[in-house]
Amino acid sequence: MEAINQNNSSQTLFRFATMRTAELSDPKNREKRFIFRNYLRQKGVIDPRVEAGESLKNVCEKITGLTIETETSLKSKSIQFYELSVWVAKNKVKATKEEFDTKIKTYKETPKPIVEIDSNFWDNLIYQVVTQKDFYAKETLMQFLHLDHILSNYDGTTQAQYEDVIKAKVVLPKELFSTKSASSNTVASRGGNSIQSHPLSDSALKFAEATVNLKGNEELKRTLEQLEKNYQKEYGAAYDIAYKQYQEEVRPEQSRYDALVKEQEYQKEIFLAADNREGLSSLKYIPVPEVKTFTFNFRPEIQADDLQRKLSQENNESLQRIFGTSNSLNDVSTFTELFQTIEQNSQQLQQTILNNTNLTPQVSTTVGGVVIPVTQPVNTQEIPFFARTMSGNMGLGDHTMILTTDINAPKHIVSGNYNIKSYDDQLLAGGTLAYTFDAPNVTSLFNTPEKIPAAVIDKNEVLLLEGEVILNDGLAYTMKAKLLWTANRMYRFEGPGTFIVKNKGTGGDGGTGGCLPVLLRTRSFQNYSDRWLLSMTPKETTSLFSSASGTIKILDNNGNVIQTSNQLQVAGGGDYLSLFSDGILPQLQITDAIKNGCQLEAELTLDDGKVYTCKIPMTIYTAGGIDSVTKTYNLTGKGSVCLKSKDTPTTPEDDQPFIPSGFGMKNIGIADYRKVEQSTYCYVEGDVSHIENIMAREYREKSSRRLKRSESQQDLFQPGWGK
């Protein structure tokens, strides 16, 4: 019978902590357990400048185009929304589902203003996290985001859903950890054939070469598999024909033998029926006829000359690369042997790719116990690459070219036009085809039928690669590289090059000195006879107008400021800027001081995050006649927006990755404290080991003793004893 221990005290054996990965790594109900920004709908004014390479810290310190929210301004948007968000923040740990459902139901039934969570909320949250200026505004923003998440994702059906949304955490956008792009300090050389120097990476070229060769092996194997299938079909068809001919040849002899056997069987049945033993004994043995053995001869699976005729030029080059120019291919007799050799070569190429893949280690920082990845600087203006020519037919054929970029920021050519020139600028070859492989940082140029003739290669010591291409990021680049002669006939030329983004940062090819030519023009809008719409349109294609902010002034011809505004809108998907406009109505007032001419002064921060200035005169546009709405001539002007000459210099601190201090961040990784204890649960009866009876007041003592004894005996004998 068990006896339960009522006074059970526990003893701690040991303590330890176990680390759990961040909850974000668990995909289950992730969209309910975390609050993410919708990048498409809630992309704000901070993103374009960060994407252009400006550090987030610098953007927030010099923020433009953002209305900074305070706790009071947020509260004024909706008192009911504010009060419920505060109640959720205070009671999300202790409130029951029933209490929570009641609150949500009451809120939904109460008339109140609608609070729309837009890009302004997220921009303000990022701004407060970076600048740490208003803790209460930051907390209110997070409470608003949490409540909006609850209202959007909770329908009150299950307890699990309630627990997910009530504990949901705000996840800061990845842009928080972006760094300043190196492109802001990069000057691209556009004159002549000068190429900015980059160290030649032999490992990158080996990586690209192995990738191309591995792809060639795959193509060769597919072709050989098809040839093997064709061979098997031909073998089977030839075998059937030969066997049918053999059967026709032996058929007469076989038919005669079958007839004799059949006749003898018939006679045997008659003798047996008549019980004629003498007749049975008179039957003689019919010998099996001797016919020739079936033999079938067919051509071998592998005939080197025949195989090479059936393969394409690219496949022959791959075959020669694997087997060499010797007669080793003649020693191969089956497709299985071919496949084994190709597989061995592919494994070597895969090992080469692995050995020459240099991944940049992830840089992380710890904030409040949270490990946060810090994005490394990426130059978005200028992308280095390495190029090498490759000859087929073991160095005797025409040449292709492989280009490779950094595997940590892979880029490859999607389309474009390119050519090879001699050092004296003579055109040698051109092409438009570009092929990429499984590796996203490798491109193959000058492929069939655009290969570079071997005769052209042999006559030069320096090759210049030029072209205009579109990379896989969708942007247009100019491509320049200088390739030098090498002693390796397989890879006769190699060298570094650069992709330089077009119409980015310097105003495109049409701009000089960091200037972008633009056109200004006013026009009327519907029934607003006292106002103008004013547009600024670049004369050449550019992506600088994808986002913009700044201050605009209109001055009369005497230099007096007539109107100032910071209202401007990106229009036409970035094709032009609409000035003095809130996006709906025109705001430029038509006055007597400017209707006959004026000047536009502006200081604009464009998509690359840099500050541009302009001062452009505007005159009457008589060719268009008097506008029917404003009853006056429109104005037009030509000029340029140029980089601000005395822009704020960057400091070494600006170039460092921004690491948040922890303001506004919560730990999403967990360390679990664990303790192992032991306690006595009960006493259980066991077997009786010994029973002894004694009389009353009798004393008896029992003792036991265990003795372990060992003896050893050793006989010693030494020469000389006993004499």
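Reader: What volume does the second largest cavity have, and what makes this space a cavity?

Author: Its volume is about 30 Å³, counted as the space filled by probe spheres set on grid points joined across faces, edges and corners. The word cavity applies because, on a 1 Å grid over the protein atoms alone, a 1.4 Å probe fits at these points but cannot get out. This is a predicted model, where local features need pLDDT of at least 70, side-chain atom pairs count only at pLDDT 80 or more, and totals for chains, interfaces and linings use all residues. Numbering starts from 1 along each chain as its sequence is written, and side-chain values use heavy atoms, without hydrogens and water.

Reader: How is the lining of the second largest cavity divided by class?

Author: There are 8 nonpolar, 1 polar and no charged residues. Lining residues have an atom within 4 Å of a point, and they include Trp532, Cys598 and Met618. Nonpolar covers Ala, Val, Leu, Ile, Met, Phe, Trp, Tyr, Cys and Pro; charged covers Asp, Glu, Lys and Arg; the others, Gly among them, are polar.

Reader: Why is α13 called roughly perpendicular to α14?

Author: Their axes, lines fitted to C-alpha atoms over the stretch in contact, with angles from 0 to 180 degrees between N-to-C directions, cross at roughly 80 degrees. Roughly perpendicular spans 65 to 115 degrees, so α13 earns that description against α14.

Reader: How do you know that Asn345 is buried?

Author: Asn345 has a relative accessible area of 15%, and buried means under 20% (1.4 Å probe, protein chains only), so Asn345 is buried.

Terms used:
Helix = DSSP H or I, 4+ residues; strand = E, 2+ residues; numbered from the N terminus. Parallel < 35°, antiparallel > 145°, perpendicular 65-115°, else oblique. 1 Å grid on protein atoms, 1.4 Å probe; cavity = no way out; pocket = protein on both sides within 12 Å on 5 of 7 lines; lining within 4 Å. Buried < 20%, exposed > 50% of the residue type's maximum accessible area, 1.4 Å probe, protein only.
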